[in-house]
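New to this one? Take a moment to look over the sequence and the fold before reading on.

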Amino acid sequence: MMSKFSGFLPVMILVTVAVFISGCATSNVNPNETSALFERMPSKGVIVNNVRAYEDGDELVIYGKVKRTSNNCCDTTRGHVDIAVVAPDGPILDIVSVLYTPRDIPRVRSRTSRFTARLPYTLPEDITLRITYHENPKVAALSTNVRDKFLCEQNMTLLD
Ligand SMILES: [Zn+2]
């Protein structure tokens with residue numbers, strides 16, 4: 001009886017440890033995920049949500065959602081997402097803007113649209129990705145392809 005029990009216990013410990021380790025591994029994010037920090041700037045009517053970034057080869061992919069705020073039920077959205085890549089000591093290394101899809105953020109159910117920005121580089125350590133929603137019909141009319149990056153002349157991430 002005793003020998004049966006003492007054989008069983010180490011196996012239980014082993015199984016527990018194995019489950020714990022594999023649990024940790026799977027709950028860890030994608031190994032290509034960047035160490036970037038995210039700073040979302042406030043915006044009216046629509047907020048940027050669930051932003052993530054990962055490295056795909058020598059490209060940086062930033063993706064996320066834009067969501068209607070609770071008091072914005074029905075306005076037609078004509079905005080885009082402004083992004084700034086900010087070095088640890090403050091200087092802005094790059095700015096880029098992208099459209100989201102669907103262009104008019106759904107008014108019911110998810111109330112969200114998605115965006116993806118592909119940048120032609122990977123990030124050094126401790127970079128901040130500053131990001132915000134920018135309502136701007138003029139820019140929306142210029143750029144129609146959701147895959148295209150463009151330069152927003154009034155990039156909202158540059159404002160204090
Ligand atoms: Zn903008």
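Here is a short tour, from the overall layout to the sheets and then to a single residue.

## The big picture

Keep in mind that you're looking at a predicted model. The protein chain has 160 residues, and 22% of them count as buried. It holds two helices and eight strands. Walking along from the N terminus, you meet those elements in the order α-β-β-β-β-β-β-β-α-β.

What about contacts across the chain? Take the ones between residues at least 6 apart in sequence: 66% of these join residues at least 24 apart.

## The five-stranded sheet

Strands of a sheet pair through backbone hydrogen bonds, and they can do it either parallel or antiparallel. One sheet here is open, has five strands and shows mixed pairing, with the order S1-S7-S4-S5-S8. At its edges stand strand S1 (37–40) and strand S8 (149–150); each has a single partner strand, so one side of each is left without a neighbour in the sheet.

If you'd like to trace one pairing by eye, try S1 with strand S7 (residues 128–135). These two pair in the parallel sense, over four bridges. A handy marker is phenylalanine 38, which stands opposite leucine 129 in S7.

## The three-stranded sheet

There's also an open sheet of three strands, in the order S2-S3-S6, and here the pairing is antiparallel. Strand S2 (46–56) and S6 are the edge strands, each pairing on one side only. From one strand to the next, the twist averages 20°.

S2 and strand S3 (residues 59–68) run antiparallel and are joined by nine bridges. To find your place there, look for asparagine 49, which stands opposite lysine 65 in S3.

## A closer look at arginine 107

Where does arginine 107 lie? You'll find it in the loop between strand S5 (92–98) and strand S6 (112–119). S5 belongs to the five-stranded sheet, while S6 belongs to the three-stranded one.

Is arginine 107 buried, exposed or partly exposed? It counts as partly exposed, because it has 13 C-beta neighbours inside 10 Å; being buried would take 20 or more, and being exposed 12 or fewer.

Now for its company. Setting aside neighbours within four places in sequence, arginine 107 is in contact with Cys73 and Cys74. Arginine 107 and cysteine 73 are 34 residues apart along the chain, yet 5.9 Å separates their C-alpha atoms.

Note on methods
Residues are numbered from 1 along each chain as its sequence is written. This is a predicted model: local features need pLDDT of at least 70, side-chain atom pairs count only at pLDDT 80 or more; totals for chains, interfaces and linings use all residues. Two residues are in contact if their C-beta atoms, placed from the backbone, lie within 7 Å. Two strands pair if DSSP finds at least two bridges between them. Axes are lines fitted to C-alpha atoms, for helices over the stretch in contact, and angles run from 0 to 180 degrees between N-to-C directions.
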